[in-house]
Amino acid sequence: MSERKQCVAMLLAGGQGSRLVPLTKSTAKPAVPFGGKYRIIDFPLSNCINSGIDTVGVLTQYQPLELNDYLGRGEPWDMNLKFGGLHILPPYEGAEGAEWFLGTANAIYQNLKFIHRYNPKYVLILSGDHIYKMDYRIMLEEHIRNEADCTISVIDVPLEEASRFGIMTTDRTGRITEFNEKPEHPNSTLASMGVYIFSTDKLTQYLAEDELDPNSDSDFGKNVIPRMLNAGERMFAYLYGGYWKDVGTLDSFWAANMDALGDLPELFLNDPAWRIYYRHGNTHPEFMGPEASLTNSIVGDGGALYGSVSDSVIASEVMIEEDTVISDSVVMANCRIGRGARVEHAILGERVIIEPGAVIGAPLGDGELTVIGPNLTIGEGTVIPPGTTVDSPEDLEAYGKGGR
């Protein structure tokens with residue numbers, strides 16, 4: 001093939017997201033709505049197109065239907081190309097039968113033919129569950145300048161949080177001298193972001209070696225990266241100084257949404273120089289009633305607001321009736337909040353119905369985060385105490401009038 005791409009991106013979007021249940025009970029984590037009108041996967045995809053990377057393989061596995069439908073042929077991200085573009089890559093049945101992706105490394109190994117189709121010199125590997133805005137071109141330029149075999153993007157984290165990450169030690173040139181996956185006693189605070197650039201030949205070599213190891217977990221952090229480091233390959237850290245958050249837990253997901261609020265938000269979603277692209281819906285404008293109150297909040301299209309909303313992220317087509325109070329909360333699309341209800345320091349999944357007079361959670365600071373899973377109805381007058389996660393109608397039986 002005469003045409004080639006300098007860099008192809010592989011986006012790992014097949015994780016189960018068990019720590020985000022109930023939001024991921026019936027959908028893949030990258031497809032979870034975020035920030036009023038986006039999905040989590042919009043961020044790495046937008047980073048790619050803003051960075052000039054127009055060929056992306058999206059590796060799916062767990063609950064892929066909604067994610068696949070959302071991605072389509074990649075039109076919202078200008079990736080519906082004849083050569084390149086966005087490709088959905090699920091596990092498939094080959095000559096030896098079907099096989100689930102066994103780990104992050106195995107997922108890429110099973111799709112080496114896709115990578116080699118474009119004959120790239122470099123491969124960018126991304127996770128589909130992080131919220132950040134990053135120009136991958138700068139990282140790639142540093143990778144090339146260092147003549148690196150692998151470059152790992154890192155952030156500097158507090159020492160008390162370092163044991164949650166893969167931690168790197170580097171020399172004065174940025175070359176990685178030590179790597180430890182979630183060490184109990186970290187000796188550095190340079191944490192892996194799960195963003196890697198590999199030279200294609202080295203990636204192919206080490207994935208093949210890992211595939212032959214019967215004791216491997218088929219994981220980049222546990223196996224491939226340590227193997228390369230032990231072999232003396234040229235591996236460098238790229239220090240990223242912008243906003244980045246792993247939204248793998250309900251608390252971090254809520255916090256990232258809150259980071260998009262305020263006059264000077266940590267996560268600026270309206271930056272014209274770095275747009276976040278997403279699939280648009282056909283909805284009418286938001287309507288605000290005569291007694292409505294809206295303070296320091298994001299509100300999507302297509303809904304109606306008659307009550308009071310503060311310090312919250314409200315998605316599209318949400319109905320908020322009179323005398324309702326919503327604060328410090330994330331409300332996903334197609335919810336209905338009945339008259340006189342209160343929703344405080346909470347997450348409501350899509351299509352939740354809160355009937356009149358119900359109380360969800362408590363003011364911020366008076367308890368832990370409250371979460372209501374998608375498609376549930378909280379009955380009239382029901383009180384869901386702070387710190388509760390409601391995952392099914394059966395969970396509601398303990399709360400008086402309950403719901404469905």
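In the predicted model, the charged end of Arg39 is placed over the ring of Tyr70, at 5.0 Å from the ring centre. Aromatic side chains also associate with one another, and the count comes to 13 aromatic pairs. One of these is formed by Phe165 and Trp244, whose geometry is tilted, with 6.2 Å centre to centre and 50° between the planes. The two residues belong to distant parts of the chain, being 79 residues apart: Phe165 is located in the loop between strand E10 (150-156) and strand E11 (166-170), whereas Trp244 is part of strand E15 (residues 244-246). Phe165 and Trp244 are both buried.

Tyr196 and Phe220 provide another pair; their ring centres are 5.6 Å apart and their planes stand at 35°, so this pair is tilted as well. Because Tyr196 lies in strand E13 (residues 190-199) and Phe220 in helix H7 (residues 220-230), the contact ties together parts that are 24 residues apart in sequence. Tyr196 and Phe220 are likewise buried. In addition, one aromatic cluster is formed by Phe34, Tyr38, Phe43, Phe253 and Tyr278.

Phe43 of this cluster is also among the buried residues of helix H1. This helix spans residues 42-50, and eight of its nine residues are buried, so helix H1 is largely enclosed by the rest of the structure. The buried positions are Asp42, Phe43, Pro44, Leu45, Ser46, Asn47, Cys48 and Asn50. Just after H1, Gly52 adopts a positive phi of about 80°.

Two further members of the aromatic cluster, Phe34 and Phe253, appear in the lining of the largest cavity. The model contains one cavity of 30 Å³ or more, and the volume of the largest cavity is about 50 Å³. Its lining consists of Pro33, Phe34, Gly35, Gly36, Phe253, Asn257, Val313, Ala315, Val330, Val331 and Met332. Strand E2 (33-34), helix H8 (250-258) and strand E24 (330-331) are the elements that contribute two or more residues to this lining. By residue class, the lining comprises eight nonpolar and three polar residues, with no charged residue.

Strand E24, which contributes to the cavity lining, belongs to an open sheet of six strands with parallel pairing, in the order E18-E21-E24-E27-E30-E33. The edges of this sheet are occupied by strand E18 (298-299) and strand E33 (389-390), each of which pairs on one side only. Within the sheet, strand E27 (residues 346-348) and strand E30 (residues 370-372) are joined in the parallel sense over three bridges. Thr370 in E30 is the bridge partner of Ala346.

An open sheet of six strands is also found with the order E17-E20-E23-E26-E29-E32, and its pairing is parallel. Strand E17 (293-295) and strand E32 (383-384) are at the edges and have a single partner strand each, so one side of each is left without a neighbour in the sheet. Strand E20 (residues 308-310) pairs with strand E23 (residues 325-327) in the parallel sense, over three bridges. Here the bridge partner of Val309 is Ile326 in E23.

Note on methods:
Residues are numbered from 1 along each chain as its sequence is written. This is a predicted model: local features need pLDDT of at least 70, side-chain atom pairs count only at pLDDT 80 or more; totals for chains, interfaces and linings use all residues. Side-chain values use heavy atoms; hydrogens and water are left out. Two strands pair if DSSP finds at least two bridges between them. Helices (H or I, at least four residues) and strands (E, at least two) are DSSP runs, numbered from the N terminus. On a 1 Å grid over the protein atoms alone, a cavity is a set of points where a 1.4 Å probe fits but cannot get out, and a pocket is an open set with protein on both sides within 12 Å along at least five of seven lines; lining residues have an atom within 4 Å of a point. Grid points are joined across faces, edges and corners, and a volume is the space filled by probe spheres set on the points. Ala, Val, Leu, Ile, Met, Phe, Trp, Tyr, Cys and Pro count as nonpolar, Asp, Glu, Lys and Arg as charged, and the others, Gly among them, as polar. Buried means under 20% relative accessible area, exposed over 50%, partly exposed in between (1.4 Å probe, protein chains only). Rings of Phe, Tyr and Trp (its six-membered ring) pair if their centres lie within 6.5 Å; planes under 30 degrees apart count as stacked, over 60 as edge-to-face and the rest as tilted. A charge sits over a ring if NZ of Lys or CZ of Arg is within 6 Å of the ring centre and within 35 degrees of the ring normal.
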